[in-house]
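Reader: I'd like a close look at one part of this model, a single hairpin and whatever surrounds it. Could you start there and then work outwards?

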Amino acid sequence: MTDMSKGGFKAFRGSSATASAYLLETTSARLDEYYSEGEDRSIQHVVLSDGGIEQGTLSSEEFKAWMEHRDPETGQQRGTFRQRMYVGEDGALKMGGTPLFQETLISSSKSLSLAAAADPRIAEALEAAQARAAVAGAVALKEHAVTRVGPKGGQYQVKLEQMEITSVQHKTSRAGDPHFHRHVQLVPKGLAEGKWRAIDGKTLYRLSGRVHAAADLSMSTDMELRQAIAQAGYTWIPGEGGGKIAEFEPLVDSFSTRRDQIEANRESQEAQWRAEHPGQEPGPKQLRAWDQLGWAQQRPQKSVKGQDASFDVEELGRGLESVEGTNLDQILAGQRADQIDPEIIAMTALDDLAQQHSAWSTADMKAAIDRRIAQTYLLGDDGLEELRTAAAEAAMVQQHSFYDDGLVVEGNRHFTSHAVLATHEQLESRLDARAQRGGQDGEVNADRGAYNLSEEQIKAAQAITGSHSLVVVEGAAGAGKTSMLEAANEQLQADGRRMVVVSPTKRGALEAGAAIGAEGNSVHALLYRAGASIDEETGKWVLPQVWKAQPEATKLDANTVLVVDEAGMLDQETARVLHQYVDDAKLGTLVLTGDTKQLAAVGRGGYMAQAAKLSTSYADLTDVRRFRTPEGQLDTQYADASVELRQRGNVDEFYHLLEERGQVQIGTSDEVIDRVAETVALESMAGEKSLAITATNATAQRVNQAVFDRLSAAGVIDSSRVVEGMDGDSIAAGARVATRKNDRELQVANRQSFTVDHVTDDGRITVIDDQGRYQELNAQYVAENVQLAYCVTAHGSQGMTVDTAHTVLSDEMGAAGAYVGLTRGRTANVLHAVAADRDEVREQFASAMTREGADLGLDDALSQSLREMDGLDLDAELSQPQQPQVVEPRTRVVRDLTGQDMEQPELIAVVREQFADGSVDVDFQLAAYDDAAQGQKSLRLQAEKTGQRLSAAEYDDLTIASGATKHEFEDSTLEEIGLQLDATGGNSTVVEGKHVLAVRGSIAQDSQGGYQVDLTSMKPSAQHELIEKDVLSRQRAAEDKSHKQASTAAPATPATETAPAKPMTPAMEKIKAMRARQAAQNKRIREREQSQSQSYGMGL
């Protein structure tokens, strides 16, 4: 069984008996028995069809039949089902192959689980709410899940007529602490056009977010659950996982740490028992003993004696029941659906999407809407569907599609937003401006003493030392980017110029800077020092009116070469701000190094790929020199294979190379974890640098603890004094650890690696880095930000080089993660997988190399969407019911005003942006309260988006004129700001994170015909009631409605006639222009490559 988490669908590979034992915990003797009072688990069975929803329960035998893709009542097989028998490493006969089912979790928040453990009324309501949430998630899944029907090249998507899920309730985690969650299983098949057919796999995996958002919203709005919480005297607040319980939130951290510690204790006991009893399986009595020991132990290394060995589960219950509720009046706080503005939900949902994605599907958009609604106090489901529909329609108006005719293809991410398009165009403009300046190559000394630079490295270094304004250098893993930069920096210094290195991560910048002898820091630190900041409420960059001066070491000017290392991991919004800064600073040369084929930005990415297409000075380093044979020679065979894998080519050949070298290992989940941990521990004891790489933090944590236990048993780690680190990791002298947060005072960076030298009684540790530098870390930092580092995620491993790397393959790992993992080791790179045989590993590996999960920018999103359209019959798609057609968004309206309009009218002032010096940009608009709901006279006074600039003093005057008193909001949350403003009784509030005020003021017309508010004339509004928070959104909704009516197209032409060509939407015009630019870029790239090849041929 693969590790399960709420993050997505996970494939179960194994027998139905194993799955049943896992889900029903038939051998468990855990705290669930305490909370459930010994009740047997029921198996929820839900059938969703076009005719409605049927619910029931399954027996254990029916459940096994269902998992084997058979009708649970008749036993009839549904479609094809492939299973293989094989002999495991322990000699036992096992079964695996085609996944029996896909599984995901519906989880409550930690504080809600603790409240349920404390109060049986909440427990009962929460279990029922999670059962209903499973159905809600399944309904959302059926709305979008499809199968493909038809011949290759002429396929079309078909919605499912019927699909089924099952679910099983659990009330504790594996560690035994309160964790209410429901395992939801889906057989990846559905009934369509009279046959049971496979659900389109790519679409299914992309729907996990939709399922979880719908389930979370169902729990959050569940009337019975919210009533039970209020009746218990507790306070519900919005949050993920059905909301949070305020009174139990202070206990969350301690319980989470205890849970992680208990799990580690239990696994340590189990590992020791299995080592002493090879080939045997533990019985219920042994399992119960491990659970008891896990709870009793304070630390994995502390022996359990006397009273310490006993743990009374009732003691836990008494501890939770001692929490006193503060909702003494048992108030059930809530909102009706008609009190929530769908426009605001839509706009904030689109903002959320744009923060992470360049493009999205309808399912992604609806998931974002559900998450936003779940952050309100909506109570019950009355009006919920109407609210969802209205928000979706409002979002569709604001979106842009890559395609015309209102085409909607499930699973295809072909929608984007104005904000994404605007950032893309801004970056393209700035990159192109630098690229078009041209330049000449410089000089470089290719003789590095022990080696010579390759021709590729020489060409790249010469571009950097020359006069180019923009240089892009990509490089395969191990191709020598650092060596090239070192040579370039040496030449720059000789020429009297300066190189400054930044990176998306501080660790990357420090390592790169140290390696090449230049100043290094993170991109964020560079921008922070220049005066930029990130708004904590919105997560967006805020720029200063005037950039601050940098220290001399990082000063940017025409004589500076700024290198952005690992530029492929830089998100687009940060790149946009960086470009504005370096252009304003008149930076001489901007160099981007990295690899678009490795892991990309966590947020919206694609910046480096965009730069690579536009740059006139580009190099791609493919002469890989990292890998070594056992004899110490260059391993050219593996190097060449890795370059092919980088391009996602010859995947089967690469897998066979691993297999020929004995570098493919298989087994069950537990066997894989144990083997990886054992191997890493042995290699570490042999003095080798060894690293395990996984797709998830959960798996990494399991491997880390298992390695720690083995090294402790071998005496490599001194376990006589252990402190708890991040997530309950055991930290002791001799352990390999990583810091997980930048800290300027401690002089450590996120993901920086150390070895623990000493541990003090008060929790402090002394660590030593690979250069022999010592650093002391305080107890609080250790507890919150230090973790074991024998195993890391693929993102954590990028940029690292070790002797041997062990990559754990899973359904969560994509192409970039697999490539990164399999190129970290100099002498060996081993692939580990949970599989029945090597043919299945090959299939899993090939599948992983097709998964490009990271966002790679708008150009890539368009290309990916077009690729996924390949083979689809679009005429058939258009015959399906469509979403509302995208129309042009509203524009600002400015009209001539009469004298009466301009003399002390009622005004709404929206503070658009606030700067570091306290000044603000304010958007003034006329607002007649009686007519605002109909959209009358809601006219903007300034056509420009920036509005009217007010100084800090003028902003204070505006606030006072609104009837509110001056407030300091610097460290306040949005909720706190709203409460402070409400308390003033003035006409001032917060809408969508912006300060909104109502005043009266005279308007003057300038010489250019524009309008400005006379800031000296502002007076309190004649309206003495507080502004309704939805006044702006009602105006916008009215404007959009009228605009939409005006933009309605003529009735569709009957299908039997030849339809006339339809005019392109503005979105399509932008996409057409983007394609034209892409074609021009491709032409430029070809010309550049031809020029470079000619240069090589001439021996330049």
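Author: Sure, let's begin at the turn. This is a predicted model, and in the hairpin of strand 31 and strand 32, Gly-772 takes a positive phi near 85 degrees. Five residues sit between the two strands of that hairpin. Strand 31 covers residues 765-768 and strand 32 covers residues 774-777, and the two pair in the antiparallel sense over four bridges. If you want a landmark, take Thr-766, whose bridge partner in strand 32 is Glu-776.

Now look at the other side of strand 31. Four bridges join it to strand 30 (residues 752-759), again antiparallel. Thr-766 is a handy landmark here too, since His-758 stands opposite Thr-766 in strand 31. Strands like these pair through backbone hydrogen bonds, in either the parallel or the antiparallel sense.

Zoom out a little and the hairpin turns out to belong to an open sheet of five strands, ordered 32-31-30-29-33, with antiparallel pairing. Strand 32 and strand 33 (786-788) are at the edges with a single partner strand each, so one side of each is left without a neighbour in the sheet. On average, neighbouring strands of this sheet are turned by 45 degrees against each other, direction ignored.

Next comes another open sheet of five strands, this one with parallel pairing and the order 25-36-35-26-34. Its edge strands are strand 25 (664-667) and strand 34 (791-793), each pairing on one side only. From one strand to the next, the twist averages 25 degrees. Within that sheet, strand 35 (residues 802-809) and strand 36 (residues 825-834) run parallel and are joined by seven bridges. One residue pair to click on is Leu-809 with its bridge partner in strand 36, Ala-833. Helix 24 (residues 669-685) packs on this sheet, touching strand 25, strand 26 (690-694), strand 35 and strand 36. The direction of helix 24 makes about 175 degrees with that of strand 35.

Stay with helix 24 for a moment. Met-685 lies in this helix, and together with Leu-682 and Val-716 it forms a nonpolar patch on the surface, with about 250 Å² of accessible area between the three. Why does Met-685 count as partly exposed? Because its relative accessibility is 38%, and partly exposed covers the range between the buried cut-off of under 20% and the exposed cut-off of over 50%.

Helix 24 also has a charged link to helix 25. Asp-674 forms a salt bridge with Arg-710, with the closest N and O atoms 3.9 Å apart. That pair links distant parts of the chain, Asp-674 being in helix 24 and Arg-710 in helix 25, 36 residues apart. Asp-674 is partly exposed, with a relative accessible area of 32%.

Helix 25 (residues 697-713) holds Gln-705 as well. At 5% relative accessibility, Gln-705 counts as buried. Gln-705 and Cys-791 are 86 residues apart in sequence, while their C-alpha atoms are 9.4 Å apart in space. Cys-791 takes us back to the parallel sheet, where edge strand 34 spans 791-793.

To put the Asp-674 pair in context, the structure holds 44 salt bridges. One of them joins the side chains of Lys-142 and Asp-50, at 2.9 Å from N to O. Those two are 92 residues apart, with Lys-142 in helix 5 (residues 120-144) and Asp-50 in the loop between strand 2 (43-49) and strand 3 (52-58). Lys-142 counts as buried at 15% relative accessibility, whereas Asp-50 is exposed at 60%.

Helix 5 has a further salt bridge through Arg-132, which meets Glu-224 with the closest N and O atoms 3.5 Å apart. Glu-224 is in helix 8 (residues 223-231), and this pair too links distant parts of the chain, 92 residues apart. Arg-132 is partly exposed at 33% relative accessible area, and Glu-224 counts as partly exposed at 45%. There is also a network of salt bridges linking Glu-143, Arg-210, Lys-366, Asp-370, Glu-385 and Arg-388.

One last stop, away from the charges: Ser-113 lies in helix 4 (residues 110-118). At 0% relative accessibility, Ser-113 counts as buried. Leaving aside neighbours within four places in sequence, Ser-113 is in contact with Ser-108, Pro-178, His-179 and Phe-180.

Key
Residues numbered from 1 in each chain as written. Predicted model: local features only at pLDDT ≥ 70, side-chain atom pairs only at ≥ 80, totals over all residues. Heavy atoms only, no water. Pairing = 2+ DSSP bridges. Axes fitted to C-alpha atoms, helices over the stretch in contact; angles between N-to-C directions. Contact = heavy atoms within 4.5 Å. Patch = residues over 30% accessible without salt bridge, like charges linked within 9 Å, V, L, I, M, F, W, Y side chains within 5 Å. Areas by Shrake-Rupley, 256 points an atom, 1.4 Å probe, with all protein chains shown as cover. Salt bridge = Lys/Arg side-chain N within 4 Å of Asp/Glu carboxyl O. Buried < 20%, exposed > 50% of the residue type's maximum accessible area, 1.4 Å probe, protein only.
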